[in-house]
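Reader: Could you walk me through this model? I'd like to go question by question.

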Amino acid sequence: MAARQIDVRSDTVTRPNEAMRRAMCDASVGDDVYGDDPTVNALQEQTAELLGHEAALFMPTGTQSNLVALLTHCQRGDEYIAGDDSHTYKYEGGGAAALGGIQPQTLPWDANGGLDLKEVKKLIKEDDIHFAKTRLLCLENTQHGRVQSLQSMQQAQVFAKEHSLGLHLDGARVANAAVALGVELKQIGQCFDSVSLCLSKGLGAPVGSLLAGSSQFINTAKRWRKVTGGGMRQAGILAAAGQIALTDGLNRLKDDHDNAAKLAAAMDGVKGATVRAAWTQTNMVWLDLADDVGEQLAQFAKTHNVLLSAGGKSCRLVTHADVSSEDVNRVASVLHDFFNA
Ligand SMILES: Cc1ncc(COP(=O)(O)O)c(C=O)c1O
């Protein structure tokens, strides 16, 4: 019998567990555009409380949640500053520019996926009719699995205030960051004016992200959510899975981090692949490949029922709810077979 397929391409591949499916089946629902869905309302309150904000707004995706945040913070002709490999800038189709007339101003990440505030300062434009208005600073935590310290986020908060900038966190995996730092989510959340959190990554829900902020911010965001087509109706069916993601899903993230550490250790010293050891901080393991064999590696793994993300000279392996400690052994064994062949 063929071995069960193990998918370590991303933590977005998890399938809803039994508890989620049951909760989705039994969810009380209403029309959320009228604010009538009790399960969505409860999820929004739960998220706002967890992140230490006044309010939160449920949306289908993290891309929309980041976009709505940018549209809410900025006007046409404004500018936001972000890392040059940030999700908002690079992997969301240029939505803020295309739909909001908001231009990005990027700079390289520092060695751990944060932004050097001295460098950010140089990019803030003076108040001059020739220039776009620099309005917002966007950070990401985790960034490619790397955790930004609480101190660095607090420094960014002081910096943003000093320079009259809004501060947004793409916290698609902020729960992984909180678990790795051993802090409450709200200790991170309160550093920012707005936080986008994804339920459909390590937390294991099938769909959904939430944007948290002040009540006033979320009221405006609600308008942009509607404008961008995110006003869902009986969305409680999705929110019900999200409630479980924020409880059970959050409680089990440490297992993913332990499994990633185990996988990184198992790959240590393999000829032809070097683990980016400093990057193994949460649920992602990155490998630098000595040769341009990424595609071959992905193909080889696939024939052994392991799906992974590899291309050129790099490979990313992500642990999640559907990857057990035993699965990690098998993934490591397939990788060893490839590199030892
Ligand atoms: C850091 C980060 N932000 C935002 C997103 C967007 O989430 P979604 O796929 O739900 O649009 C992703 C998705 O992978 C992500 O990795």
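Reader: Among contacts between residues at least 6 apart in sequence, what percentage join residues at least 24 apart?

Author: Happy to start there. Two residues are in contact if their C-beta atoms, placed from the backbone, lie within 7 Å. Among such contacts between residues at least 6 apart in sequence, the share joining residues at least 24 apart is 73%.

Reader: What should I know about the model and its numbering?

Author: This is a predicted model, where local features need pLDDT of at least 70 and side-chain atom pairs count only at pLDDT 80 or more, while totals for chains, interfaces and linings use all residues. Residues are numbered from 1 along each chain as its sequence is written.

Reader: Is His144 buried or partly exposed?

Author: A residue is buried if 20 or more other C-beta atoms lie within 10 Å of its own, exposed if 12 or fewer, and partly exposed in between, with C-beta atoms placed from the backbone. His144 has 18 C-beta neighbours inside 10 Å. His144 therefore counts as partly exposed.

Reader: Which residue in the loop between α13 and β11 has a positive phi?

Author: Helices (H or I, at least four residues) and strands (E, at least two) are DSSP runs, numbered from the N terminus. The loop in question lies between α13 (294-303) and β11 (306-307). Phi is near 60°, a positive value in a residue other than glycine, at Asn305.

Reader: Which residue does a cis peptide bond join to Asn141?

Author: Omega of this bond is about 5°. The partner's place is in the loop between β5 (133-140) and α7 (150-162). The residue joined to Asn141 is Thr142.
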